[in-house]
Amino acid sequence: MRERTGALWHSFHYWWGRRSLQSRLIAAYIFIILGPSLLVSFYSYKEINNTYMRDSIEKNSYLLQMERMHVLNQIEAMERALQMAYNDKSVRDYLISEDDPTLGELIDFNTTTFLNFSQIQFNNPNIEHLYLFSASPNVYELWPVIFRESRVSMEPWFQQAMRLEGRRNLWSFQNTDIDLMQRFSGGAGEGQPKVSVLREISIPAGNHIGMVQVDMLLSKFTPKTYTSVQDNESQMVIVDDALNLFTRTDNSFLTTDSGLSAAIKERLSVYRKTGEWEMDYKENGNSYLLIQAPVEQIDASLVTVVSMKGLMKDISRTRNLIIGVNIGFIFLVTAITYVLNAFILKNLRRLTETMKKVRRGEPYGSIKVSGGGEVGELAHHFSKLMNTINTLVAQAVYKQALSKEAELRTLHNQIDAHFLYNTLENIKMLAEIENQRTISDALTRLGGMMRYNFKWTGEYVKLRDELRHIENYIEVMNIRFEHTIQLELHIDSAYLEVEVLKMSLQPIVENSVKHAWNADGVELTDRIVKIELSEAEGDIFIVLRDNGLGLTQERLVELHEAIYAKEEPGADASGISSGGYKAGGVGLRNVHQRLQLFYGEAYGLEVQSEAGKWTAVYMSLPKVLLTGDNQR
């Protein structure tokens, strides 16, 4: 497969290379225009799609919230009617009566209490029924308000309300509105779906005497759910706490796509557990948006099912328009480009023909190109080229001779590093034969330093290699001084593989060796250089401390200015401090600049000192293994 791909690419490359410049320019223009055009079209289509979707969601969410407000108002009206009936003392007394009322009591009850019930329904015309059920089998029924509860005691909603024991209201959605009076007379008439609120009456507490029920048809409770106005784009559904769906049956999406009802139930179940709601749904090639609003007061939810069919048609029409505009634009640009390129490249074709004649060995006369620009300049330089080609050939031969001579001179003057190493090894063997162990060890250390300096294969080395070089340097320098220098390393072995810049620690140690313990005739005998390492927040901090004469505060400030200066300090900026350090700090400045060059401006050197006691150089760098894996 890989070979076949390579062969196809080679064939295309060959074919493309044989096309004319005009053809390639036109193809390049089309490609250059097509790319941004596709990107702009894709972005525009995406934004239009999002705008259509957002507008649809906002519109239907607004309508859903308006319907929710209507439902909340109906809930408040039904609960207020139930509470008025529940708190009426005369109603309670009537419900617990065991004896048949007299004619006067009935007339009095009818003119006062019964009239009040009628007033409740008159004030709330959306309320379909207000029922009072008495637990007493001897109560005198007053249709259509007061009934014996034996008529409904076997209904599921009645049993649920009984289990609440009057502690709170029970909301129940029912598919039919049963007429109690027809049922009593032997006919079971069924009406429209309704919602009921019920509450058990106990006097005293725990002594059941009856039940209050307030009914409202769902067509009035949530009008948009059962609206008769046909809407092919959306449908509203109300779902009770048992995940039963109530909505219109004509032109219903739930009938067209059988899985829609199950999807609404499943997503509501997930929402009530996790609070997460998934809006998109697809079935049988139809796309829907499911927008829901909870009605917490009755443990129900309003769901709007929005069909995306019309919306997708609008989006598709917009997409086709964008594609058509792009195609027309590309064709127009192609035609204009072809005409312009034919005019621009005419002189270039003349120049090409002249070059072909020269290549075939025909004598070159001259070429005249009208106008200026790049083609005219190219023709001019071509003429100059033909007049000077012999001179260039002669110069090339002469340069080749000079190059050979320089190469021989370089080989003659080159110093073989291995010759120096071998010479040192021979001298070391002579010292060992003469039992001069000190000289032999010094030569070993010197050879190690030379190898470290000559072998510069990169800027980075392991910390262990830099420390070994410092140890060799200290041993070699101790030969020169009467008072030896003691090197103390306080570094955990785990950090020996850390990456450092080559020759970044040695110049700091060399600065201490040269200037820390002698200045102005003062010479210290106990000479110690300590190197410590610590880590914090993924960075490495190395401290090189000596117990020398230190720096005064004024000299320390001058040294900092020299280290951090952007320009190279002048000659007058250098001088010998009281502790022996150069105020210019050229070596420290070079190390500081290398650290910032390779690791960034967050890293570098900082010098601290106390006159007559010590000087410390703090180096910061990132913790990186030599393999290149950052260990932060």
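## Ile 75, a residue in helix α2

Let's start with one residue of this predicted model. Ile 75 sits in helix α2. Is Ile 75 buried or exposed? Its relative accessibility is 4%, and because buried means under 20%, Ile 75 counts as buried.

Which residues does Ile 75 touch, leaving aside those up to four places away in sequence? They are Trp 171, Phe 221, Val 295, Gln 297 and Ile 298. Take Gln 297 as an example: along the chain, Ile 75 and Gln 297 are 222 residues apart, yet their C-alpha atoms are separated by 8.1 Å.

## Two nonpolar cores

Now look for the nonpolar cores. The largest one has 45 residues, and Phe 173 and Phe 221 have the most contacts inside it. Helix α2, which spans residues 21–86, gives this core its largest share, nine residues. There is also a second, separate core, made of 42 residues, among them Leu 501, Trp 517, Leu 588 and Tyr 603. As a general background, nonpolar side chains tend to be buried together in soluble globular proteins.

Phe 173 is worth a closer look. Not counting residues up to four places away in sequence, Phe 173 touches Lys 194, Val 195, Leu 218, Phe 221, Ile 238, Asp 240, Phe 246, Ile 298 and Ala 300. Phe 173 also belongs to an aromatic cluster with Trp 171, Phe 221 and Phe 246. Two members of that cluster, Trp 171 and Phe 221, are touched by Ile 75.

## A mixed sheet of five strands

Next, find the open sheet whose five strands follow the order β2-β1-β5-β4-β3, with mixed pairing. Which strands stand at the edges? They are β2 (146–148) and β3; each has a single partner strand, so one side of each has no neighbour in the sheet. From one strand to the next, the twist averages 25°.

Strands β3 and β4 run antiparallel and are joined by five bridges. Along this pairing, Ser 172 stands opposite Ser 196 in β4. In general, strands of a sheet pair through backbone hydrogen bonds, either parallel or antiparallel.

## Helix α6 and its two sides

Helix α6 (residues 156–164) lies across this sheet. It crosses β3, β4 and β5, and runs at about 170° to β3. The buried residues of α6 are Trp 157, Phe 158, Ala 161 and Leu 164. Why do these residues line one face of the helix? Seen down the axis of α6, they fall within an arc of 115°, so they share one face. The general rule behind this is that an α-helix has 3.6 residues a turn, so residues three or four places apart point the same way.

What covers the buried residues of α6? The cover includes β3 (170–174), β4 (194–202) and β5 (208–217). Pro 156 and Arg 163, on the other side of α6, are exposed. Just after the helix comes Glu 165, which takes a positive phi of about 55°.

## Aromatic pairs around Phe 147

The whole structure holds 13 aromatic pairs. One of them is the edge-to-face pair of Tyr 131 and Phe 147, with 5.6 Å centre to centre and 85° between the planes. Tyr 131 lies in strand β1 (residues 129–134) and Phe 147 in strand β2, 16 residues apart, and the pair links distant parts of the chain. Both of these residues are buried.

Phe 147 has another aromatic partner, Phe 133: this pair is tilted, at 6.5 Å centre to centre and 35° between the planes. It too links strand β1 to strand β2, with Phe 133 and Phe 147 14 residues apart. Phe 133 has 0% relative accessibility, so it counts as buried.

## Another open sheet

Further along the chain, five strands form an open sheet in the order β12-β16-β17-β19-β18, again with mixed pairing. Its edges are β12 (485–490) and β18 (604–610), each with a single partner strand, so one side of each is left without a neighbour in the sheet. Here the twist averages 15° from one strand to the next.

How many bridges join β18 to strand β19? There are seven, and the two strands run antiparallel. Among the bridge partners are Glu 610 and, in β19, Trp 614. Helix α17 (residues 506–515) packs on this sheet, where it touches β12, β17 (539–546), β18 and β19. The direction of α17 makes about 15° with that of β17.

Note on methods
Residues numbered from 1 in each chain as written. Predicted model: local features only at pLDDT ≥ 70, side-chain atom pairs only at ≥ 80, totals over all residues. Heavy atoms only, no water. Core = buried A, V, L, I, M, F, W, Y, C linked by side-chain atoms within 4.5 Å. Buried < 20%, exposed > 50% of the residue type's maximum accessible area, 1.4 Å probe, protein only. Helix = DSSP H or I, 4+ residues; strand = E, 2+ residues; numbered from the N terminus. Contact = heavy atoms within 4.5 Å. Arc of directions from axis to C-beta. Pairing = 2+ DSSP bridges. Axes fitted to C-alpha atoms, helices over the stretch in contact; angles between N-to-C directions. Phe/Tyr/Trp six-rings, centres within 6.5 Å; stacked < 30°, edge-to-face > 60°.
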